[in-house]
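Hello,

Here is the structure I promised to pass on to you. Please have a look at it first, and then read my notes below.

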Amino acid sequence: MKTRIRELRKARGMSQFDLADAVGTTRQTITSIETGKYIASLPLAWRIAQAFGLRIEDVFIFEEDEES
């Protein structure tokens, strides 16, 4: 799953630590989500979207598998 977290975070002058602190997780988790190594749980995705004042679908890009 792709995200716009890095883009949104940088546009707001936030560090990974700032965002992690705001949503109650670790910087390492934010790094893993940004690099696509980890998919955020729904509650965490919601908190991240809220931190940016956006909807989940404005932050997380769901791409269906073309074979499905």
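**What I found**

Going along the sequence, the protein chain runs in the order β-α-α-α-α-α-β. In total, that gives five helices and two strands. Please keep in mind that this is a predicted model.

**The chain as a whole**

Let me start with overall dimensions. The C-alpha trace of the protein chain spans about 40 × 20 × 20 Å along its principal axes. The radius of gyration of the protein chain is 12 Å, which agrees with the value near 11 Å that a compact globule of 68 residues would have.

Next, the surface and the interior. Of the 68 residues in the protein chain, 29% are buried. The area that the protein chain exposes is about 4700 Å², and carbon and sulfur atoms supply 50% of it.

As for contacts, take those between residues at least 6 apart in sequence: 52% of them join residues at least 24 apart. The protein chain also carries 10 positive and 11 negative charges, and the mean positions of these two groups are 9 Å apart.

**Two residues to look at**

I picked out two places where you could zoom in.

The first stop is Q16, which lies in helix α2, covering residues 16-23. Is Q16 buried or exposed? Q16 counts as buried because its relative accessibility is 17%, and the cut-off for buried is under 20%. Which side chain does the side chain of Q16 meet in a polar contact? The partner is the side chain of T31, at 2.9 Å. T31 also appears among the residues that Q16 touches once those up to four places away in sequence are left out; the list is R9, R27, I30, T31 and E34.

The second stop is I61, found in strand β2, which covers residues 60-61. With a relative accessibility of 31%, I61 counts as partly exposed, a class that lies between under 20% for buried and over 50% for exposed. Which residues does I61 touch, leaving out those up to four places away in sequence? They are M1, K2, T3 and R4. For a distance across the model, try I61 and D18: these two are 43 residues apart along the chain, and their C-alpha atoms are separated by 22 Å.

Enjoy exploring the model, and do write back with any questions.

Best wishes

Terms used: Residues are numbered from 1 along each chain as its sequence is written. This is a predicted model: local features need pLDDT of at least 70, side-chain atom pairs count only at pLDDT 80 or more; totals for chains, interfaces and linings use all residues. Side-chain values use heavy atoms; hydrogens and water are left out. Helices (H or I, at least four residues) and strands (E, at least two) are DSSP runs, numbered from the N terminus. The radius of gyration is taken over C-alpha atoms; the globule rule is 2.2 Å times the number of residues to the power 0.38. Buried means under 20% relative accessible area, exposed over 50%, partly exposed in between (1.4 Å probe, protein chains only). Contact means heavy atoms within 4.5 Å. Accessible areas come from the Shrake-Rupley method with a 1.4 Å probe; for residues, only the protein chains shown count as cover. Lys and Arg count as positive and Asp and Glu as negative; His and the chain ends are not counted. The place of a charge is taken as NZ of Lys, CZ of Arg, CG of Asp or CD of Glu. A polar contact is a pair of N or O atoms within 3.5 Å; within protein, one must be able to donate a hydrogen and the other to accept it, and residues adjacent in sequence count only if both atoms are side-chain atoms.
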